[in-house]
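Colleague: Could you take one part of this model and go through it closely with me? I'd like the geometry, the packing and the charge pairing together.

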Amino acid sequence: MHYEYAFDSYKAFQQRSNNPDFDYLKNWATEKELMTFAAENCGELVADICKTINSMTGYRKPTPRQKEVIARSLIQKMGSARDVLIAVYGNDIAELFSELDNESAEDEVAKIAEESGIRLSPRRVAFGQLSDFVCKPGDENKGQTYRASVDAVRLMDREQDYNPATALIGGEHIVVTVSELKKLNQEDHDVLTFSAQAMELRDYIARYYENNQSLFAEKMGVNRSKVNLWIKSGWVALNGKLYSSKRDLPKL
């Protein structure tokens, strides 16, 4: 995998995944460079797994468990996906991370937040006031979305009914935790209810599986033809579940 492609993919996972470092490394664990590094640095178990994968004939198709073990071992060894990539690709990718840090440093809102001990997440989060509105996939920058602190994102990922607060930082509303709100000496003036968004299966696969229906079928343990049938039947994804769409509601 070319280092620039590895870097772009890393940024994409940081923005869209709930567990970006692990999900990224799991997704790319069997790339030659990462697997070689893991085999040489992550102990005998991982070395054996990599040897098994490399000995497969034809199309190598490691199990999800094998990829999970490699990804987890890489994080335990290096601390983060970023550190893994720098160790694997060296100065070329380190310079890209340095440029990314410089871009973040120029962000005045992030700088003000940092001064109060609040670190902003690269993810944008979509909310609806009392669940009235959530933007469509791809329209995050146009719709009703907010930047959020790392701690707020972590809480939302763990507790679906967590009600975050918004703070005004540098003229921009930022989703924060209650404790972070107190750090800013601001009152809880705008509490929003997180609204999970139902989306068509086609949009879900495009957003979370890079439009790879075969990969989604593999994760679901079904043939791709089954996924095609679900899409044609109008199935939707909501709150980590897949629902069939069989009836239209009557018009109000």
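Which residue follows helix 5, and what is its phi?

Modeller: That's Gly79, which comes after helix 5 with a positive phi, near 100°. Before going on, bear in mind that this is a predicted model, where local features need pLDDT of at least 70 and side-chain atom pairs count only at pLDDT 80 or more, while totals for chains, interfaces and linings use all residues. Residues are numbered from 1 along each chain as its sequence is written, and side-chain values use heavy atoms, with hydrogens and water left out.

Now the helix itself. Helices here are DSSP runs of H or I with at least four residues, strands are runs of E with at least two, and both are numbered from the N terminus. Helix 5 has 15 residues and spans 21 Å between its first and last C-alpha, close to the expected 21 Å; that expected span is 1.5 Å times one less than the number of residues.

As for packing, the buried residues of helix 5 include Gln66, Lys67, Val69, Ile70, Ala71, Ser73 and Leu74. Buried means under 20% relative accessible area, exposed over 50%, and partly exposed in between, with a 1.4 Å probe and protein chains only. The buried residues of helix 5 pack against helix 2, helix 3 (32–41), helix 4 (43–54), helix 6 (81–89) and helix 12 (213–220), contact being heavy atoms within 4.5 Å.

Then there's the charge pairing. Side chains of opposite charge can pair when their charged atoms come close. A salt bridge here needs a side-chain nitrogen of Lys or Arg within 4 Å of a carboxyl oxygen of Asp or Glu, and the structure holds four of them. One joins the side chains of Glu68 and Lys26, at 3.2 Å from N to O. Glu68 lies in helix 5 (residues 64–78) and Lys26 in helix 2 (residues 20–28), so this pair ties together parts that are 42 residues apart in sequence. Glu68 is partly exposed at 21% relative accessible area, whereas Lys26 is buried at 16%.

For contrast, look away from helix 5. Glu108 has a salt bridge to Lys111, with the closest N and O atoms 4.0 Å apart. Both residues are in helix 8 (residues 108–115), three residues apart, about one turn of the helix. Glu108 is partly exposed at 46% relative accessibility, and Lys111 is partly exposed at 39%.

Over in the strands, the side chains of Glu172 and Arg147 meet in a salt bridge at 3.0 Å, N to O. This pair links distant parts of the chain, with Glu172 in strand 4 and Arg147 in strand 2, 25 residues apart. Glu172 counts as partly exposed at 23% relative accessibility, while Arg147 is buried at 16%. Back with Glu68, salt bridges with shared partners join Lys26, Arg65 and Glu68 into one network.

So, to pull helix 5 together: its buried residues pack against five other helices, helix 2 among them, Glu68 is tied by a salt bridge to Lys26, and Gly79 with its positive phi follows the helix.
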